[in-house]
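I opened a fresh notebook page for this structure, and you are welcome to read along. My plan is to look things up one at a time and jot down what I find.

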Amino acid sequence: MCAGCDVLEPWGAVIIGIIVGFAFYYVEHFLIHMKVDDPVGSVAVHLVGGVIGVLLAPVFAKKEHEYSWIHWKGNFLCIFWKLFRNFLNFLRIFLNFFNFI
């Protein structure tokens, strides 16, 4: 959640904090439901909050900073496209392994 703290506008940090707060709440309850032993909630805070903070930092960065979404959006689109293709390949292999296709 601290990623990009030097380049974020204050209103952007508040929005990221609200989003991560909701994510923490739901992930913590999911882990309790799945009976995962995480007594202090470190997975929900550090893993989920950290990932969301890193992914949203360029979106809310100051526009004049090179870390902002304007400079990175092409790279993000490539990354998301590659992740989507990898997911489809995983799904194809998984379904083929169990003879669903």
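**Entry 1: a lysine in a loop**

I began with K35, which sits in the loop between helix 1 and helix 2. I should say at once that this is a predicted model. Is K35 buried or exposed? I found a relative accessible area of 75% for K35, so K35 is exposed, the cut-off being over 50%. I also looked up its backbone: phi of K35 is near 60°, a positive value in a residue other than glycine.

**Entry 2: the overall plan**

Next I stepped back to take in the chain. I counted three helices and zero strands in the protein chain. Read from the N terminus, the elements run α-α-α. I noted the spans too: helix 1 covers residues 10-33, while helix 2 is 42-56 and helix 3 is 69-97.

How much of the chain is buried? I read that buried residues make up 23% of the 101 residues in the protein chain. I then checked contacts with a separation of 6 or more, and residues 24 or more positions apart account for 52% of them.

**Entry 3: how helix 1 meets helix 2**

I wanted to see how these two helices sit together. Two packed helices are described by the angle between their axes and the distance between the axes. For helix 1 and helix 2, I noted that the axes come within 9 Å and cross at roughly 145°. The crossing of helix 1 and helix 2 is right-handed.

Which residues meet there? On the helix 1 side I listed I16, I19, V20, A23, F24, V27, E28 and L31. On the helix 2 side I listed V43, A44, V45, V48, G49, I52, G53 and L56.

I picked two valines of helix 2 for a better look. V48 lies in helix 2, and V48 counts as buried because its relative accessibility is 19%, with the cut-off at under 20%. Leaving out residues up to four places away in sequence, V48 touches A23, V27 and V43. V48 and A23 are 25 residues apart along the chain, and their C-alpha atoms are separated by 7.2 Å.

V45 is also in helix 2. With a relative accessible area of 29%, V45 is partly exposed. I noted 8.7 Å between the C-alpha atoms of V45 and E28, which are 17 residues apart along the chain.

**Entry 4: two buried acids**

E28 made me curious, so I turned to it next. E28 is placed in helix 1. What is the nearest side chain of opposite charge to E28, and how far away is it? I found K35, 13 Å away; E28 is buried yet has no salt bridge. Not counting neighbours within four places in sequence, E28 is in contact with D38, G41 and A44.

That list led me to D38, in the loop between helix 1 and helix 2. D38 is buried as well, again with no salt bridge. For D38 the nearest side chain of opposite charge is K35, 15 Å away. Setting aside residues up to four places away in sequence, D38 touches E28, L31, V43 and A44.

**Entry 5: rings**

How many aromatic pairs are there? I counted two aromatic pairs. One of them is W11 with F60: the ring centres are 5.8 Å apart and the planes are at 85°, so the pair is edge-to-face. This pair links distant parts of the chain, with W11 in helix 1 and F60 in the loop between helix 2 and helix 3, 49 residues apart. F60 is buried, at a relative accessible area of 14%.

The rings of Y25 and Y26 form an edge-to-face pair too, because their centres are 5.2 Å apart and their planes are at 80°. I checked both tyrosines for accessibility. Y25 counts as partly exposed at 46% relative accessibility, and Y26 counts as exposed at 54%.

Note on methods:
Residues are numbered from 1 along each chain as its sequence is written. This is a predicted model: local features need pLDDT of at least 70, side-chain atom pairs count only at pLDDT 80 or more; totals for chains, interfaces and linings use all residues. Side-chain values use heavy atoms; hydrogens and water are left out. Helices (H or I, at least four residues) and strands (E, at least two) are DSSP runs, numbered from the N terminus. Buried means under 20% relative accessible area, exposed over 50%, partly exposed in between (1.4 Å probe, protein chains only). Lys and Arg count as positive and Asp and Glu as negative; His and the chain ends are not counted. A salt bridge is a side-chain nitrogen of Lys or Arg within 4 Å of a carboxyl oxygen of Asp or Glu. Contact means heavy atoms within 4.5 Å. Rings of Phe, Tyr and Trp (its six-membered ring) pair if their centres lie within 6.5 Å; planes under 30 degrees apart count as stacked, over 60 as edge-to-face and the rest as tilted. Axes are lines fitted to C-alpha atoms, for helices over the stretch in contact, and angles run from 0 to 180 degrees between N-to-C directions. A crossing is left-handed if the near helix is turned anticlockwise from the far one by less than a right angle, and right-handed if clockwise.
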